[in-house]
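Here are some short exercises to help you find your way around a new structure. Try each task yourself before you read the solution.

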Amino acid sequence: MKGLAGKDPATTSEYIQHHLQNLVYGRLPAGFERHSEQGHQVLTENTWTLAHGADEVAAMGFWAVHVDSMAWSIGLGIVFCLVFRWAALKSNPSTPKGFINFVEFIVELVDNKVKESFHAKNRLIAPLALTIFIWIFLMNLMDLVPVDLVPKLLMLVGVEYQKIVPSTDPNVTMGMALGVFLLMLFYNIKIKGFGFVKELTMHPFNHWAFIPVNLFMELVGFLAKPFSLGLRLFGNMYAGEMIFILIALMFAAGAGGSIISGGLNAQLFGEGTNVFLWLVTFLLVCFICLLNLKGKLSTGKTALYSLSLLMISGGILGLSGGIMQLGWAIFHIIIVTLQAFIFMVLTVVYLGMAHEQDH
Amino acid sequence: MEVYMAAAIMLGLGALGAAIGMGLLGGKLIEATARQPELGAELQGKMFLLAGLIDAVPIIGVGIAMYLIFVVAPPLV
């Protein structure tokens, strides 16, 4: 695994920082010194390129794009649109089955939630709520994919850094919150007109002398809404991802150990983890769980086989790492769904407040 | 060293606030469900929503504290 300046990340903090690094595309200024395995290179002019480390990212400044966040978020959005459109086209009014039933269930859920909280007439709100809910849910769901799986596979293709969970990028969550903020502004001004300014300046003290105080308090409240919306999602996902990465350290901690503590991984491959061994283990565990879902294998045997596979591949540390990842992943499923739901409900409530005319 | 202390204060005080808030919320839910069991499911749904809102600022604090501990501190120590 290539770390900063081409070395294998031998320390835990380098491993963690490697997993927290986005794939950044930006402009390196002329005169910047690039370090790589081939040696030093001083750039003679401004070059647009992918960053090879945290120091290059810092040199690129503000106008650098997180290519991995954009790719995963836009890709998941396209997946959502295609899947739901297919379900809408194939839906039969009489007897929905299976997945189409599930899609209808979700749409009805969002529709009821919107009807509860939004009391004006606006055709944008319910589709917006559905998009927000499913899109954020899909982005958060990427957090449940094993930590090293996609990064190591992509490193074989040459992509050094990337993060597969777009909602751990504060740019993505604050961008969505900014979109909601712009909608809030638009509808406040459109529906209330001058009444919006009156609301900002005359609540809660209804006297012209208190206008500065009112304005300050109302502006803080108004700006805190999208700010907290974006940061809430970011904070939850970042903390969850961080704990996944910390537990994933267990798998590599058995490196160089005996066959009991490190398993096959330590015996055959020494230091570090080997991606193919763990890929095979992962696929076998998935296959065993699939057999259990189809009813061909009892739950007790499923647990026994999966745990012994983990024990063989990674020793005691691999086994305990696997169990801890499972426990945290089950808890994180609640957080993933809940955060998407909260973002949706708060968006609908804020836009509902923008449509309220109290006189 | 100061970075670790800052992260510890953020985590500790955030957890304290979140725990007290959740405790009050959960207590009210159980009381209300005991009074009117037929509203049980609806109140539970509202409780989860409020739990996510209460958790928001402490979790933002946890995110920032983790960032401090694992990304900001190692180059300095």
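The exercises below deal with a predicted model and go from whole chains down to a single residue.

**Exercise 1: Confidence**

Task: Find how the model scores as a whole, and what mean pLDDT chain B has.

Solution: Start with the scores for the whole model, which are ipTM 0.80 and pTM 0.85. Then turn to chain B, where the mean pLDDT is 90. In chain B, 99% of the residues reach 70 or more.

**Exercise 2: Chain A as a whole**

Task: Describe the make-up and extent of chain A.

Solution: First list the elements: chain A holds 12 helices and 5 strands. Next take the box along the principal axes, which the C-alpha atoms fill at roughly 75 × 65 × 40 Å. Of the 359 residues in chain A, 31% are buried. Finally, look at contacts between residues at least 6 apart in sequence: 66% of these join residues at least 24 apart.

**Exercise 3: The form of chain B**

Task: Compare the radius of gyration of chain B with that of a compact globule of 77 residues.

Solution: Begin with the elements, which are 2 helices and 0 strands. A compact globule of 77 residues would have a radius of gyration near 11 Å, whereas chain B has 17 Å. The C-alpha trace of chain B spans about 55 × 15 × 10 Å along its principal axes. Buried residues account for 19% of the chain.

Now see how the two helices lie. The axes of H1(B), residues 2-35, and H2(B), residues 40-76, come within 9 Å and cross at roughly 175°. An angle over 145 degrees counts as roughly antiparallel, so H1(B) is roughly antiparallel to H2(B). The residues of this contact are 26 nonpolar, 7 polar and 1 charged.

**Exercise 4: Where the chains meet**

Task: Work out which helices of chain A supply at least two residues of the side that touches chain B.

Solution: Start with the counts: 17 residues of chain A are in contact with 13 residues of chain B. On the chain A side, helices H1 (12-19), H9 (211-253) and H12 (299-355) each supply at least two residues. H9(A) gives the most, with 9 residues. Sorted by class, this side of chain A has 10 nonpolar, 6 polar and 1 charged residues.

**Exercise 5: Two helices of chain A**

Task: Decide how H11(A) and H12(A) are oriented to each other.

Solution: Take the geometry first: the two helices pack at an angle of about 175°, with their axes 9 Å apart. Therefore H11(A) and H12(A) are roughly antiparallel. Then pick out the residues that meet: among them are Trp278(A), Ile288(A) and Asn292(A) from H11(A), and Tyr305(A), Leu309(A) and Ser313(A) from H12(A). By class, the residues of this contact are 9 nonpolar, 6 polar and no charged.

**Exercise 6: One residue in detail**

Task: Is Asn292(A) partly exposed or buried?

Solution: Place the residue first: Asn292(A) is in helix H11 of chain A, residues 275-293. Then count its C-beta neighbours inside 10 Å, which number 18. A residue needs 20 or more to be buried, so Asn292(A) counts as partly exposed. Leaving aside residues up to four places away in sequence, Asn292(A) touches Leu297(A), Thr299(A) and Thr302(A). As a last step, compare Asn292(A) with Ala303(A): they are 11 residues apart in sequence, and their C-alpha atoms are 9.7 Å apart in space.

How values were computed: Residues numbered from 1 in each chain as written. Chains lettered and ligands numbered in written order. Predicted model: local features only at pLDDT ≥ 70, side-chain atom pairs only at ≥ 80, totals over all residues. Contact = placed C-beta atoms within 7 Å. Helix = DSSP H or I, 4+ residues; strand = E, 2+ residues; numbered from the N terminus. Nonpolar A, V, L, I, M, F, W, Y, C, P; charged D, E, K, R; others polar. pLDDT = per-residue confidence, 0-100. Rg over C-alpha atoms; globule rule 2.2 N^0.38 Å. Buried ≥ 20, exposed ≤ 12 C-beta atoms within 10 Å, placed from the backbone. Axes fitted to C-alpha atoms, helices over the stretch in contact; angles between N-to-C directions. Parallel < 35°, antiparallel > 145°, perpendicular 65-115°, else oblique.
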